[in-house]
Amino acid sequence: MKKRIVTAVGFTTLLSCISTLQGQIKTDTNMENLKTIAQKAQDAFFTDYNEEGVKTYFAANYIQHNPQVPTGIEPVLGFLPVLKEANTRYTNHRLLQDGEYVIFHNSYHNADAFGAKEVVAFDVWRMEDGKVAEHWDNLTPKVDITASGRSQVDGVTEITDLEKTNSNKKIVTNFVNDILFGKAPEKVTDYVSTAEYFQHNPMIKDGLEGLNEAISYLVSQNNMFQYQKLHKVFGEGNFVLTVSEGSWHGKRQAFYDLFRLKNDKIVEHWDVIQEVPEQMAHTNGKF
C-alpha cells in the first residue's frame with residue numbers, strides 16, 4: 001500500500017511538473033509571437049487602414065501617450081480615414097522585443113498628419129493578451145543632409161548576441177548615467193568604442209571626435225542638451241533603446257536613443273528628439 005501511495009504521489013508530481021512546463025512553453029510561445037502580432041497591428045493601421053483589423057489587434061481600453069492623440073481605441077479608428085486619404089505608409093527598419101514590449105524603428109511617408117511629409121519615429125507598444133494595450137512614441141522630420149553622411153535610419157539591422165541582452169542594457173544604463181547625465185564624462189571611452197562609432201544623429205559626425213566637436217559647439221552656444229531623467233531601457237541582443245526626459249533650447253524634451261553594441265562597447269547610435277508640449281490630448285503623460 002505504501003509503495004502505491006508513493007508511486008501515486010510521484011505520478012501526481014510528474015503531472016504537475018509537465019503542466020507547469022506546458023504553461024511556461026505556452027507563455028514563451030506567446031512572447032515569441034508578440035512581434036508578429038505587433039506587425040499585424042501596424043499593418044492594419046498604416047497599410048490596410050482596416051477598422052476590423054484595428055479592433056482585432058488593439059485593446060478596447062488602449063492607452064495612448066502620443067501628446068496629440070486622445071487615449072482609447074476610438075481615436076485610432078477615427079484616424080484611419082485621414083491616413084488612407086493621405087496614403088500614409090511606413091517602412092520598418094528595426095523591430096525589437098523586450099518582454100511584453102515591442103519597439104519599432106520606422107519611417108513614415110506622406111505623414112503630414114505627424115508634422116512632416118517624411119518622418120522618422122520610434123514606436124513602443126506594450127502588448128497584453130495578444131493585443132496592443134499601450135503606446136509611446138517619438139517623432140522627428142526626416143533630414144536629407146546629415147553631418148556624418150548617414151541617414152537617420154540606415155546601418156546595421158541584424159539582431160545578435162541575445163545572451164548579452166541584460167549586460168548590454170546595464171552598459172547603456174551606466175553610459176546614460178555617467179555620460180549623458182554628466183556624472184562622469186571622463187569615462188566616455190569606457191562605453192563608446194574608439195575604433196568605430198557610427199553616428200545617425202543628423203548634426204553629429206562619426207567617431208568620438210565628431211561627438212566631442214558637436215558637444216563643444218553646443219556648449220559654446222550655451223545650448224547644450226540636458227538629460228534629467230531616465231524613464232525606460234529596452235533591449236534585445238546587441239540593440240538597446242533608452243527613453244529619457246530632459247531639456248534643450250530651453251524647452252522640455254523627450255530623448256529616444258538607440259544604441260548598437262559590439263564586444264561590450266557602443267559602436268552605433270540613432271536618436272529621435274521631440275519637444276514635449278505643455279498641453280496634451282489626454283492625461284496619460286508623454287512618458
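Here are some short exercises on the predicted model above, each with a worked solution.

Before you start: this is a predicted model, where local features need pLDDT of at least 70, side-chain atom pairs count only at pLDDT 80 or more, and totals for chains, interfaces and linings use all residues. Residues are numbered from 1 along each chain as its sequence is written, and side-chain values use heavy atoms, with hydrogens and water left out.

**Exercise 1. The overall picture**

Task: find how many helices and strands the chain has, and what percentage of its residues count as buried.

Solution.
- Step 1: Go by the DSSP runs, numbered from the N terminus, where a helix is H or I over at least four residues and a strand is E over at least two. That gives 6 helices and 10 strands.
- Step 2: Sort residues by relative accessible area: buried is under 20%, exposed is over 50%, and partly exposed is in between (1.4 Å probe, protein chains only). Of the 287 residues, 45% come out buried.
- Step 3: Look at contacts, meaning heavy atoms within 4.5 Å. Take those between residues at least 6 apart in sequence, and 55% of them join residues at least 24 apart.
- Step 4: Add the surface, using Shrake-Rupley areas with a 1.4 Å probe. The chain exposes about 14700 Å², and carbon and sulfur atoms supply 52% of that.

**Exercise 2. Salt bridges and their surroundings**

Task: for the salt bridges Glu134 to Arg126, Arg252 to Glu245 and Glu268 to Arg260, work out which partners are buried and which are partly exposed.

Solution.
- Step 1: Set the rule: a side-chain nitrogen of Lys or Arg within 4 Å of a carboxyl oxygen of Asp or Glu. The whole structure holds 13 such salt bridges.
- Step 2: Start with Glu134 and Arg126, whose closest N and O atoms are 2.8 Å apart. Glu134 is buried because its relative accessibility is 11%, and Arg126 is buried too, at 13%.
- Step 3: Widen the view a little: Arg126, Glu128 and Glu134 are linked in a salt-bridge network.
- Step 4: Move on to Arg252 and Glu245, with 2.8 Å from N to O. Arg252 is partly exposed at 38%, whereas Glu245 is buried at 16%.
- Step 5: Finish with Glu268 and Arg260, at 2.7 Å from N to O. Glu268 has a relative accessible area of 2%, so it counts as buried; Arg260, at 8%, is buried as well.

**Exercise 3. Strand E4 and its partners**

Task: which strands pair with E4, and in what sense?

Solution.
- Step 1: Locate E4 at residues 118–128; 9 of its 11 residues are buried, so the rest of the structure largely encloses it.
- Step 2: Apply the pairing rule, which asks for at least two DSSP bridges between two strands. Strand E3 (residues 101–109) joins E4 through 9 bridges, running antiparallel. Tyr108 has Val119 of E4 as its bridge partner.
- Step 3: Check strand E5 (residues 131–141): 10 bridges join it to E4, again antiparallel. Here Val120 is partnered by Thr140 in E5.
- Step 4: Follow the chain from E4 to E5. They form a hairpin with 2 residues between them, and Asp129 in the turn has a positive phi of about 55 degrees.

**Exercise 4. Helix H4 on its sheet**

Task: describe helix H4 and find the strands it lies across.

Solution.
- Step 1: Take the length. H4 (residues 165–180) has 16 residues and reaches 21 Å from first to last C-alpha, close to the expected 22 Å; the expected span is 1.5 Å times one less than the number of residues.
- Step 2: List its buried residues, among them Ile171, Val172, Phe175, Val176 and Leu180.
- Step 3: Lay out the open sheet: 5 strands in the order E6-E10-E9-E8-E7, with mixed pairing. E6 (198–199) and E7 are the edge strands, each pairing on one side only.
- Step 4: Zoom in on E8 and E9, which are antiparallel over 10 bridges. Phe239 has Arg260 in E9 as its bridge partner.
- Step 5: Put the helix in place. H4 lies across E7, E8, E9 and E10, at about 170 degrees to E7 (axes are lines fitted to C-alpha atoms, for helices over the stretch in contact, with angles from 0 to 180 degrees between N-to-C directions).
- Step 6: Step past the helix end to Gly182, which follows H4 and has a positive phi near 75 degrees.
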